[in-house]
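The exercises below are to be worked with the sequence and the coordinates open. Each task is followed by a solution in steps.

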Amino acid sequence: MKWKRTHNCGALSSQNIDQHVVLMGWVASRRDHGGIIFIDLRDRWGLTQINIRPESAVYEEAKKLRNEWVVAFKGVVESRPEGMMNKNLATGEIEVLATELEVLNAASAPPFNVFAENVASEDIRLKYRYLDLRRQEMQDNLILRHRVAQLVRTYFSEQGFLEIETPFLMKSTPEGARDFLVPSRLWRGKFYALPQSPQTYKQLLMIAGFDRYFQIVRCFRDEDLRADRQPEFTQIDIEMSFVDEEDIFEIMEGLMARVLRETLDIEIERPFPRISYDEAMRQYGSDRPDLRFVLKLVDVSNIVKFSDFNILVQAVHAGKIVAGICAPGCAGYSRKQQDDLAAWARQRGASGLIAIKIGAGVLEGSAAKFFTEEQARAMIEAFDAREGDMLFICGDERDLTRQILAELRIEMAKRLGLIDEKRMSLTWVVDFPLFEWSPERDRYVALHHPFTSPLPQDEEKMTTDPEHVRARAYDLVLNGLEIAGGSIRISQQHVQQKMFEALRISPAEAESKFGFLLEALKYGAPPHGGIAFGFDRLIMVLAGCQSIRDVIAFPKTASATSLMDGAPSEVDIDQLIELGLQIKK
RNA sequence: GGGGUCGUGGUGCAGCUGGUUAGCACAUCGGCCUGUCAAGCCGAAGGUCGCGGGUUCGAGCCCCGUCGGCCCCGCCA
């Protein structure tokens, strides 16, 4: 490198005309006219056009340049001729007339074009991730990610929070997701676990008196992947002392308002709406409803059960529910379209999907005959349906019905264009159940985690009626995506013990797994609670991406491998021996 | 663990109900061209269709298996 860079590729403008500059970067595009040659020089900050004239000393060498070569140009900033300015380019008013050129590194022809609109398939992109990351879109995503991370740090610091690091090598926790294990060399046969979240540590930090903690921290869960799930992902982890739900909501709403303002220039209304878990399930069939559109589920069991619609009457008598959604303007759906939707529903386990057209104040179609005039009116009223709408009705077990209608609700919203893509809809979902029955484990498990406080008025039901105990737990839902979740924690040891009892974790087991926390709770634990944001998911939404892989520099594939470096891989036998491990095939 | 979908020159795609030399664009290489901005024009090289097996006179196309990408269910306190 012969020279010092004076400017980056996005810095120059007509302010710099006549200045002598040195630019360094990658060749994004070469336009050789036989005489004059134009090079678009690219770096993180932008693109600057280099002009190489036939009479230039570097002309012959410049002819050899190819895409993605790394080069340095010395030259003079000139105004582009009248009519040759490029308004799409920040540096479009100027160009650099090259006087000297140094090839810093020639490059092989890249496996895909970095500077093109056609994006390579994802496996190729992942294999050559360092090239994929050169693309503008990926650069923008990671720059956005950085900006939000900085915002988060600034915001919480201003609010009196401390960023404190917690261990990555920790004790394996039995509840929840599968742990990634790390074998101990010094303690043969023993293992560390990578944290699924710093949950217990942040509670201990509250007990230690730090009062307000946050951390942007990596978490690890050995579960199957999805578009919004990676085996390692990043959380904004937060915990606060001497607070209740309101305090936490206020701080988090402040954070979201600021992030949305400073990234997307969106002013969000506060306080955010709240909906109970029960209501969410009833009205939307989901604990993370997308509220960018309405389209509520309506339970019509009480109307249908008096009709002559035998299948549905029987369903209600069998303890199932009959519910549906009203798809606006869909009365024109053909027989085939209806059948396809029914097949779609059956594929998801429904016994069927009944379509009922709405006429002028009456029901139409083959199902209409089962309803009296009065029942028909009641149906129309329940759905707030209008002429030309179509009801889609499902009659199955409560949870299944809701689940299918929840999916149908989203599917229809997409088809009918009911979703305003620009809108950011934030909602708190509150009053989650504390427990959930696990058929596999034949016991109750914590829906959130075993340190979640019950609602005080439900506390006595913990052992007698676990099903109906509500938790002081809350999720923040953004456009149908769970982006944060948290709870007020148990800060009293006797409640914590009751929790383990309800989960059928024996005192001995509780002692061995969580003894340190139980012990800590004895020594003056302040009331505390917190929340954690899925940082990748948040960035994904802000960036308008469909997958968190696009906002993570080096993500894994859906089968948890890294196509670039080949992880996971087999290891040297000596490494295994040292750890006292033997592979069983 | 299960379901779906995709897999064709370096890259992105096309390839009709199976039928002769597998097309197109970009990239690559060579030539021409002094104002482009994803430059243009002319030309060349480059694939046996992820892999294995089967059906057939004949398979990129059909069937089975397998590997890989992606999406979903289960799973994810």
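## Exercise 1: two cis peptide bonds

Pro-271 sits in the loop between H6 and strand E11 (274–276). The model is a predicted one.

Task: State the geometry of the peptide bond that joins Arg-270 and Pro-271, then locate the cis bond from Ala-567 to Pro-568.

Solution.
- Step 1. Omega between Arg-270 and Pro-271 is about -5 degrees, and the bond is cis.
- Step 2. For the bond from Ala-567 to Pro-568, omega is near 0 degrees.
- Step 3. Pro-568 belongs to the loop between helix H16 (535–543) and helix H17 (573–579).
- Step 4. As background, most peptide bonds are trans.

## Exercise 2: positive phi

Task: For Asp-265 and Arg-504, give phi, the loop and the exposure class.

Solution.
- Step 1. Asp-265 is not a glycine, yet its phi is positive, near 60 degrees.
- Step 2. Asp-265 lies in the loop between H6 and E11.
- Step 3. The relative accessible area of Asp-265 is 67%; exposed means over 50%, so Asp-265 is exposed.
- Step 4. Arg-504, also a residue other than glycine, has a positive phi of about 55 degrees.
- Step 5. The loop that holds Arg-504 runs between helix H14 (493–502) and helix H15 (507–521).
- Step 6. Arg-504 is exposed because its relative accessible area, 53%, is over 50%.
- Step 7. Most residues other than glycine have a negative phi.

## Exercise 3: Thr-154

Task: Place Thr-154 in its helix, classify its exposure and find the partner of its side chain.

Solution.
- Step 1. Helix H4 (residues 136–158) contains Thr-154.
- Step 2. Thr-154 has a relative accessible area of 35%; this falls between the limits of 20% and 50%, so the residue is partly exposed.
- Step 3. Its side chain reaches the backbone oxygen of Gln-150 at 2.8 Å.
- Step 4. For a longer distance, take Asp-384, 230 residues away along the chain: the C-alpha atoms of Thr-154 and Asp-384 are 47 Å apart.

## Exercise 4: the surface near RNA strand B

Task: Describe the residues around RNA strand B by number, class and polar contacts.

Solution.
- Step 1. RNA strand B is surrounded by 51 residues, the closest being Ser-29, Arg-53, Glu-117, Ala-446 and His-448.
- Step 2. Sorted by class, this surface has 17 nonpolar, 17 polar and 17 charged residues.
- Step 3. Strand E1 (20–32), strand E2 (37–43), strand E3 (46–52) and helix H2 (122–127) each give at least two residues to it.
- Step 4. Of the RNA atoms within 4 Å of the protein, 51% are in sugar or phosphate, and the rest are in bases.
- Step 5. Base nitrogens of RNA strand B lie 2.6 Å from a polar backbone atom of Asp-32 and 2.8 Å from a polar side-chain atom of Arg-229.
- Step 6. A phosphate oxygen of the strand is 3.0 Å from a polar side-chain atom of Ser-559.

## Exercise 5: nonpolar cores

Task: Which residues have the most contacts inside the largest nonpolar core?

Solution.
- Step 1. The core has 48 residues, and those with the most contacts inside it are Phe-156, Ile-238, Met-252 and Phe-533.
- Step 2. Helix H6 (residues 245–264) supplies nine residues, the largest share.
- Step 3. Beyond its neighbours within four places in sequence, Phe-533 is in contact with residues including Ile-238, Met-252, Leu-255 and Leu-476.
- Step 4. A second, separate core has 29 residues, among them Phe-451, Ala-471, Ala-502 and Leu-503.

Technical notes: Residues are numbered from 1 along each chain as its sequence is written. Chains are lettered from A and ligands numbered from 1 in the order in which they are written. This is a predicted model: local features need pLDDT of at least 70, side-chain atom pairs count only at pLDDT 80 or more; totals for chains, interfaces and linings use all residues. Side-chain values use heavy atoms; hydrogens and water are left out. Helices (H or I, at least four residues) and strands (E, at least two) are DSSP runs, numbered from the N terminus. Buried means under 20% relative accessible area, exposed over 50%, partly exposed in between (1.4 Å probe, protein chains only). A polar contact is a pair of N or O atoms within 3.5 Å; within protein, one must be able to donate a hydrogen and the other to accept it, and residues adjacent in sequence count only if both atoms are side-chain atoms. A residue is near a molecule or strand if one of its heavy atoms lies within 4 Å of it. Ala, Val, Leu, Ile, Met, Phe, Trp, Tyr, Cys and Pro count as nonpolar, Asp, Glu, Lys and Arg as charged, and the others, Gly among them, as polar. A nonpolar core is a set of buried Ala, Val, Leu, Ile, Met, Phe, Trp, Tyr and Cys residues joined through side-chain atoms within 4.5 Å. Contact means heavy atoms within 4.5 Å.
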